[in-house]
Amino acid sequence: MDMKFKGMKPSRRSFLTGAAAAGVGSVAATVAKGQTAPDPAITELQDWQVYLGDGVDAAPYGMPSKHESHVVRRTVEWLTADNVSSINFTPLHELDGIITPNGVCFERHHGGAAEIDPAEHRLMINGLVDKELVFTMEDLMRFPRENHVYFLECAANTGMEWAGAQLNGCQFTHGMIHNVMYTGIPLKLLLAEAGLKTNAKWILPEGADASAMTRSIPIEKALDDCLVAFKMNGEALRTEQGYPVRLVVPGWEGNMWVKWLRRIEVGDEPWHHREETSKYTDLLEDGTARRFTWEMDAKSVITNPSPQAPLTHGPGYTVLTGVAWSGRGTIPRVDVTLDGGKNWHQARMSGPSLNKSMHRFYFEFEWDGKPLLLQSRAHDSTGYVQPTKNQLREWRGENSIYHNNGIQTWYVNEKGEAENVEIS
Amino acid sequence: MSKFPNQLALVAVATTSVVALSVGLSERAAYRADLAAAEAQAMAEETQAAEASAVAEAAEAETVVTEEVTEEVVAEAEVVEEAVEEPAEDVVAEAPVAEDAPAEEMHAGMAFEGGTSRPALFVGAAWAESHESPMIGELEGITFDLGREALPEEVAAWNIDIRPDGQGLPVGSGDVWTGEEVYIENCAMCHGDFGEAVGRWPVLAGGWDTLTHEDPVKTPGSYWPYLSTVWDYVHRAMPYGQAQSLTDDEVYAITAYLLYLNNLVDDDFELSNENFTEVRLPNEDGFFMDDREEGEIPAFSEEPCMENCKDSVEITMRATILDVTPEEEEAEVTEAAAETSDEPATEEAAAEEAPAEEGATEMAAVDPALVEEGEGVFRKCRACHQVGEGAVNRTGPHLNGVLGRTIGGLDDFRYSGVFEEAKAAGEVWGPENLGAYLADPRGAMPGTKMSFAGLRSEDEIAVMIAYLSTFEAQ
């Protein structure tokens, strides 16, 4: 239900242990330069060189290598009252490219992940339409479809960082996001099928789960680029992502992407339901609040190095990478600084640059082994530049929870360990 | 084109392809054929232009051409709308653009090569490699004859939403006193008797004048703009885990009680569909439409400094000082568990066959490994249940000494009715009935307030019982 955005101290933990564990888990032992003894990884026969591997049917649905078992969604227990109406986070520091694998796409649900039998699922369109309609999944599959890669970011992503640096790891600070290819029906086709009345100004999508999630969406957006999607990355939506069908609202906050979509009502006014009044409104310093802050502002984060992904190789050639996105277009440019913003460098963008999708950037540099203060700064195709956290606070104060797109800083010490910090 | 009998032609524009896609369907074909004809005309013209300007065009220039094609298609589509009544075949025959080879090919392909299917809808889309895939174009007036009309009973069953103007409110009423009873029974275990909340569940009362504080408390009395939101949400999603189990009158009553808890009505108040919209919440005017466009966005759209931007940089705050990041050990546990599950399946099968009595045997000499696993599984429970030294009742009763305890046997916990019945019947928790309850709470104890779906595997139940057996009554 409720998310609490200010942390409570857990039992015990040292950030160093975390960093060390992450290092050991993800990086094989390296052979020091100048080593003279031959590497047994080369000189000795490994089991996998000798014995047969699994046959073709060992895993009819394949899973990642067992050596990647640390690449999982993680939760922050103190955030929510229980683990049903709760959230977990995408392990951004373990991913590359722009596509999020389905199994690690973060989850947020308000009444648990509904297990729906697609044969019993219906989508209803009612309200200000010429003909109120009911579709089966079979009906939906006969509409023309489109494929688009879009990011889905929870409006509360980075919400725990308004009052200051709090969580150590980009998974926790920025992991309420995923980026997949959706296959779906343009919502406008379904609405046209029902026939919009002239006073149709808003829609209210509703979920079939135990929270019966609802959000008001203006008709202009519904007729623009919204999709009713049934596939992600080529396969059926995962249960926790709204199987068998969800709404896709490109560039807008994730809460509006109603999962387990069962109904779309058409109306002439917004409904002002719980998730657009008591939640997902942005409280400002003077006690007033913004409502209907749908678009996600341009944002970026360096995923490597980061607290869960320290530099383990020592000084020398170093690959810095991260992701950037904007709810208003593409990301033509990302700047990176190594010295806390004294000097900035343009990062190298790589991979497809798609509208309202994640973008991947790299900045390769020669690390001299001295401490670093790393930041990235996204520019989107409208000319908007990602602000610093302090710039944001000047406009919003510290209580708005949602839409924190401020620049993230990682401090990397001489050992290569990284920490979430704020700087002057 | 013969490979794509139901689709339109591929028209080459220098090195970049422009594809007009056509999908065949039903009787509005004439209109669609017209659209296609218009599209073909546009493409044919552009093709000539492109051919004239030769093969070695740069990709960027081709992109421009493609865009023009799209625009023209849309423009043409409006012009041909008048011809909608015409049968498809006629349209094809009359198509003025048929003299251009590519267009002819296209019409042949779409109208006839598809065998019995009627010609096709056009979804006017030009595509070029340098472009992101396009949206399906304008389809005004086109439908697919899919789905069926919703029956009034069906719409009534699902159309439960309420608006601030009262639209959607059913006839009904409830007063503060009834509301208190219903609330105590259904809501207080999470939200507290007075809306003060248990644990981290939402606070529902108070919080007045906190919106400018460091820790604002957002309740219907302090923050929510409309009362309809309370009614709608309680009705659609509460009680948590028993959604839509309250009657309309109960929802009115709970809503009235929440108004009372927030000092907005007196204790003799009755809320109904008649007087509902007369009640206004104090913070209704505290909201305004997203104004980022006017302030922030221009402010954040300036070219930033790239070199020598500041003299010095200080670290002002560190996450390690707060230390609220989850520990890594959880991942290690998962890993360990994954390894365990690599063990031969026979062990699991054995566990499944194991009757509940074996659980009892385990209790006598509890296997530390099981207990440890059980501790992990108990994470699912501890938001509501405490165990160990100092454990007290929270959303759920404390579980020290639960095995051997009379069901519903704690005097200071308010149980569901079904637990009171079990208590009256003298039933006692043992591995067997506790296992059944953990597997399917609502099946085993119908009407239980515990909003937990149940443990999925026999293994989890066994380790949970082993874990709970280590906590004696204090």
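1. Chain A holds eight helices and 24 strands. The model is predicted. Of the 424 residues of chain A, 64% count as buried. Contacts in chain A reach far along the sequence: among those between residues at least 6 apart, 73% join residues at least 24 apart.

2. The interface with chain B comes next. Here 100 residues of chain B are in contact with 129 residues of chain A. The two chains bury about 10,100 Å² between them, 54% of it on carbon and sulfur atoms. On the chain B side, Trp158(B), Arg200(B) and Phe300(B) lose the most area to chain A. Together they make up 9% of what that side buries.

3. Polar links cross this interface too. The rule finds 48 residue pairs in polar contact, with both residues at pLDDT 80 or more. Several elements of chain B give two or more residues to the side that touches chain A, including helix H5 (152-158), strand E8 (287-289) and helix H12 (329-340). The largest share, five residues, comes from H8(B). By residue type, that side of chain B divides into 44 nonpolar, 18 polar and 38 charged.

4. Strands also pair across the chains. Strand E5 of chain A (residues 133-136) and E5(B) run antiparallel over two bridges. Within E5(B), Glu149(B) is the bridge partner of Leu133(A).

5. Salt bridges number 38 over all chains, with nine between chain B and chain A. One of the nine joins the side chains of Asp161(B) and Arg263(A), at 2.3 Å from N to O.

6. Glu303(B) and Arg333(A) form another salt bridge, their closest N and O atoms 3.1 Å apart. This pair crosses between chains, from the loop between H10 and E9 of chain B to strand E18 (residues 333-337) of chain A. Glu303(B) counts as exposed because its relative accessibility is 58%. Arg333(A), at 15%, counts as buried.

7. A network deserves a look. Salt bridges that share partners join Arg290(A), Glu295(A), Asp297(A), Arg328(A), Arg396(A), Asp290(B), Asp291(B), Arg292(B) and Glu296(B).

8. Within chain A, check Arg215(A). Its salt bridge with Glu253(A) has the closest N and O atoms 2.8 Å apart. The two residues are 38 apart in the chain, each in a loop. Glu253(A) is buried at 0% relative accessibility, and Arg215(A) is buried at 1%.

9. Arg215(A) also meets the side chain of Glu276(A) in a salt bridge, 3.5 Å from N to O. Glu276(A) lies in the loop between E13 and strand E14 (282-283), 61 residues from Arg215(A). Both Arg215(A) and Glu276(A) are buried.

Note on methods: Residues numbered from 1 in each chain as written. Chains lettered and ligands numbered in written order. Predicted model: local features only at pLDDT ≥ 70, side-chain atom pairs only at ≥ 80, totals over all residues. Heavy atoms only, no water. Contact = heavy atoms within 4.5 Å. Buried area = accessible area lost by both parts, 1.4 Å probe. Salt bridge = Lys/Arg side-chain N within 4 Å of Asp/Glu carboxyl O. Polar contact = N/O pair within 3.5 Å; in protein donor to acceptor, adjacent residues only side chain to side chain. Helix = DSSP H or I, 4+ residues; strand = E, 2+ residues; numbered from the N terminus. Nonpolar A, V, L, I, M, F, W, Y, C, P; charged D, E, K, R; others polar. Pairing = 2+ DSSP bridges. Buried < 20%, exposed > 50% of the residue type's maximum accessible area, 1.4 Å probe, protein only.
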